[in-house]
Amino acid sequence: MSARADIIRLLHAGLGNKAIARQVHVRHQTVAAIRAELGLPNIVRPATAPYSEDAFWQRTQPVDGGHLNWTGHYNSTGVPCLRTTEGMHTAYRIAFRIRWRRDPTGPVKPGCDMDRCVHPDHVEDQPMRQLYAAIFGEAAA
Ligand SMILES: [Zn+2]
């Protein structure tokens, strides 16, 4: 099968230009040109994270109390981190994004009683901490 036929097949399968280019070993501009020729819309995806969620889960271990321990790298200040194509990301931020599907605002920290817990349900960003503090008083901040 020709590269062009492969590209057309993958375009119809709903893949993005870059994914097709990687698979068929052509430049993504080539794929874009064929897409335009066929009148297929560009696939607009939310910005993909520079890491895989699998990489996160592979570095975690459930522990007592429903918490999640980080078995991966810790930076010099003891923060759990994951090396990505864009540099280091804290495991807290990745956990936050897994749970909330948005970027956190301000620092993300575990809001549970386990030090360095990376459970997606347990991490909080700044607005969440402020909200809980307003509801439960400063002691919860
Ligand atoms: Zn926890």
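This section describes a helix pair, a small set of paired strands and one histidine in a predicted model.

Near the start of the chain, helix α1 (residues 3-12) and helix α2 (residues 17-24) approach each other, with axes that come within 10 Å and cross at roughly 145°. The crossing of these two helices is right-handed. On the α1 side, the contact is made by Ala3, Asp6, Ile7, Leu10 and Leu11, and on the α2 side by Asn17, Ile20, Gln23 and Val24. Sorted by class, the residues of this contact comprise six nonpolar, two polar and one charged.

Strands β3, β4 and β5 form an open sheet of three strands in that order, with antiparallel pairing. Strands β3 and β5 stand at the edges; each has a single partner strand, so one side of each is left without a neighbour in the sheet. Strand β4 (residues 80-84) is largely enclosed by the rest of the structure, because four of its five residues are buried.

The pairing on either side of β4 can be described in turn. Strand β3 (residues 73-74) runs antiparallel to β4 and is joined to β4 by two bridges. Within this pair, histidine 73 has cysteine 81 of β4 as its bridge partner. The hairpin of β3 and β4 has five residues between the strands, and in this hairpin glycine 78 takes a positive phi near 85°. On the other side, four bridges join β4 to the antiparallel strand β5 (residues 87-90). Leucine 82 is paired here with histidine 89 of β5 as its bridge partner. Strands β4 and β5 also form a hairpin, with two residues between them. Helix α5 (residues 91-100) lies across β4 and β5 and runs at about 65° to β5.

A further site concerns histidine 122, which is found in the loop between β6 (109-110) and β7 (123-124). This residue has a relative accessibility of 19%; since buried means under 20%, histidine 122 counts as buried. The side chain of histidine 122 makes a polar contact with the side chain of histidine 67, at 3.2 Å. When neighbours within four places in sequence are left aside, the residues in contact with histidine 122 are Gly66, His67, Lys109, Pro110, Gly111, Cys112 and Cys117. Histidine 67 thus appears both in this list of contacts and as the partner in the polar contact.

Technical notes:
Residues are numbered from 1 along each chain as its sequence is written. This is a predicted model: local features need pLDDT of at least 70, side-chain atom pairs count only at pLDDT 80 or more; totals for chains, interfaces and linings use all residues. Side-chain values use heavy atoms; hydrogens and water are left out. Axes are lines fitted to C-alpha atoms, for helices over the stretch in contact, and angles run from 0 to 180 degrees between N-to-C directions. A crossing is left-handed if the near helix is turned anticlockwise from the far one by less than a right angle, and right-handed if clockwise. Contact means heavy atoms within 4.5 Å. Ala, Val, Leu, Ile, Met, Phe, Trp, Tyr, Cys and Pro count as nonpolar, Asp, Glu, Lys and Arg as charged, and the others, Gly among them, as polar. Buried means under 20% relative accessible area, exposed over 50%, partly exposed in between (1.4 Å probe, protein chains only). Two strands pair if DSSP finds at least two bridges between them. A polar contact is a pair of N or O atoms within 3.5 Å; within protein, one must be able to donate a hydrogen and the other to accept it, and residues adjacent in sequence count only if both atoms are side-chain atoms.
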